[in-house]
Amino acid sequence: MGDRHQNATPSTAMEYLNPSYWDERFSREEQYEWFKDYSHFRHPHSTPSHTPFLCKTYLYAFLVLELGCGNSQLSEELHKDGTTNITCIDLSPVAVENMQKRLLSRGFRDIKVLQADMLELPFDDECFDLVIEKGTMDVLFVDSGDPWNPKPETISKVMATLKGVHRILKADGTFISITFGQPHFRRPIFNAPDFSWSVEWTTFGETFHYFVYVLKKGQRSSFEDIPPVKRFEAPPFNLFHEELESEDFAFRINVDELNY
């Protein structure tokens with residue numbers, strides 16, 4: 001078996017954009033959870049409208065798609081909670097092969113794992129009840145430049161992903177995005193006129209904050225209903241040792257250095 005997570009952090013965040021980096025990494029790494037594991041956001045937490053961002057409504061959805069599964073255990077945990085019709089995709093053929101073998105060895109025979117690019121989702125229109133991603137889209141922002149005014153090529157890739165997600169979601173489907181991206185950066189993109197979904201968010205984590213966005217198709221808020229977004233002021237860094245040692249911390253610092 002490979003290492004769970006040893007010497008996987010690249011010297012620069014730019015390496016995250018290289019498919020070869022991920023193939024090599026997944027060839028030796030058994031499992032790693034970006035942005036905390038499922039237990040940190042499994043139980044209902046409230047968004048501003050008091051709607052749980054991950055609840056039984058989502059967990060028992062008929063058809064679920066995970067973008068960028070890598071070697072995460074998210075699909076297994078969702079399955080244990082009652083979601084049995086899950087499809088996982090990843091761009092890395094190594095990740096896909098390893099995930100297929102791992103799931104079969106653990107008895108998860110009904111979870112599908114496919115090689116696919118989230119920028120060109122190979123699925124029919126309106127075929128999923130729920131699409132979820134955890135840190136996958138953050139990679140698209142690695143070389144975005146000024147976070148207040150991302151490069152056109154970054155916006156093009158992000159919009160291609162979101163348009164694909166919007167297309168494959170059913171009329172009342174939900175997209176959940178778990179990310180470092182703060183509302184003043186992400187909401188303008190999520191609220192683009194191309195989309196008919198509402199946008200809500202909440203946070204989790206101790207002093208190191210992660211954001212959970214819940215986008216519900218067919219429930220777009222009117223402009224008047226959308227409160228202004230202020231810059232999210234996180235408390236000063238006072239991280240626990242395990243947070244300082246995590247790749248999440250290194251990823252965020254490296255990306256901040258690249259984009260400022």
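**Entry 1: the largest pocket**

I began with the largest pocket of this model, which holds about 750 Å³ of space; the model is a predicted one, and I keep that in mind throughout. I then listed what surrounds the space, and found that 37 residues line the largest pocket, with Trp-22, Leu-91, Met-118, Thr-136 and Val-139 lying nearest its centre. Sorting the lining by class gave me 20 nonpolar residues, 8 polar ones and 9 charged ones. I also looked up which elements contribute, and noted that helix 1, strand 1 (64-67) and strand 2 (86-90) each supply at least two residues of the lining, while helix 1 gives the most, with 5 residues.

**Entry 2: helix 1**

Since helix 1 gives the most to that lining, I turned to it next and asked which of its residues are buried. Within residues 19-28, which make up helix 1, the buried ones are Tyr-21, Trp-22, Arg-25 and Phe-26. These residues sit on the same side of helix 1, because the arc they cover around the axis is only 120°. I set beside this the general rule that an α-helix has 3.6 residues a turn, so residues three or four places apart point the same way. Trp-22 therefore appears twice in my notes, as a buried residue of helix 1 and as one of the residues nearest the centre of the largest pocket.

At the N-terminal end of helix 1 I found a cap provided by Asn-18, with a side-chain oxygen that lies 3.0 Å from the backbone nitrogen of Ser-20.

**Entry 3: strand 1 and its neighbours**

I went on to strand 1, which is covered on both faces: Val-64 and Glu-66 are buried on one side, and Leu-65 and Leu-67 are buried on the other. I noted that Glu-66 is among these buried residues, and that its bridge partner in strand 2 is Cys-88. Strand 1 pairs with strand 2 in the parallel sense, over 4 bridges, and I found that strand 1 also pairs with strand 4 (128-134), again in the parallel sense and over 4 bridges. In that second pairing, Leu-67 stands opposite Glu-133 of strand 4.

**Entry 4: strands 4 and 5**

How many residues of strand 4 are buried? I recorded 7 of its 7 residues as buried. Besides its pairing with strand 1, strand 4 runs parallel to strand 5 (residues 169-179), and 6 bridges join the two. I wrote down two of the facing pairs: Val-131 has Phe-175 as its bridge partner in strand 5, and Ile-132 stands opposite Ile-176. Strand 5 is mostly covered as well, with 8 of its 11 residues buried.

**Entry 5: the loop between strands 3 and 4**

I next examined the loop between strand 3 (112-115) and strand 4, where Phe-123 has its place, and where Glu-126 is also found. Phe-123 has a relative accessibility of 15%, so I count it as buried, the cut-off being under 20%. Glu-126, with a relative accessible area of 46%, is partly exposed. The backbone of Glu-126 caught my attention, since the residue has a positive phi of about 50° although it is not a glycine. As a general matter, most residues other than glycine have a negative phi.

**Entry 6: helix 5 and its distant partners**

Finally I looked up helix 5 (residues 152-168), in which Gly-164 has its place, as does Val-165. Is Gly-164 buried or exposed? Gly-164 counts as buried, at 10% relative accessibility, and Val-165 counts as buried too, at 0%.

I then followed both residues to positions distant along the chain. The C-alpha atoms of Gly-164 and Phe-123 are separated by 8.9 Å, although the two residues are 41 residues apart along the chain. Gly-164 also has a C-alpha separation of 7.1 Å from Leu-119, which is 45 residues away along the chain. For Val-165 I noted Glu-120, which is 45 residues apart from it in sequence and 9.6 Å apart in space, C-alpha to C-alpha.

Terms used. Residues are numbered from 1 along each chain as its sequence is written. This is a predicted model: local features need pLDDT of at least 70, side-chain atom pairs count only at pLDDT 80 or more; totals for chains, interfaces and linings use all residues. Side-chain values use heavy atoms; hydrogens and water are left out. Buried means under 20% relative accessible area, exposed over 50%, partly exposed in between (1.4 Å probe, protein chains only). The arc is that of the directions from the helix axis to the C-beta atoms. A polar contact is a pair of N or O atoms within 3.5 Å; within protein, one must be able to donate a hydrogen and the other to accept it, and residues adjacent in sequence count only if both atoms are side-chain atoms. On a 1 Å grid over the protein atoms alone, a cavity is a set of points where a 1.4 Å probe fits but cannot get out, and a pocket is an open set with protein on both sides within 12 Å along at least five of seven lines; lining residues have an atom within 4 Å of a point. Grid points are joined across faces, edges and corners, and a volume is the space filled by probe spheres set on the points. Ala, Val, Leu, Ile, Met, Phe, Trp, Tyr, Cys and Pro count as nonpolar, Asp, Glu, Lys and Arg as charged, and the others, Gly among them, as polar. Two strands pair if DSSP finds at least two bridges between them.
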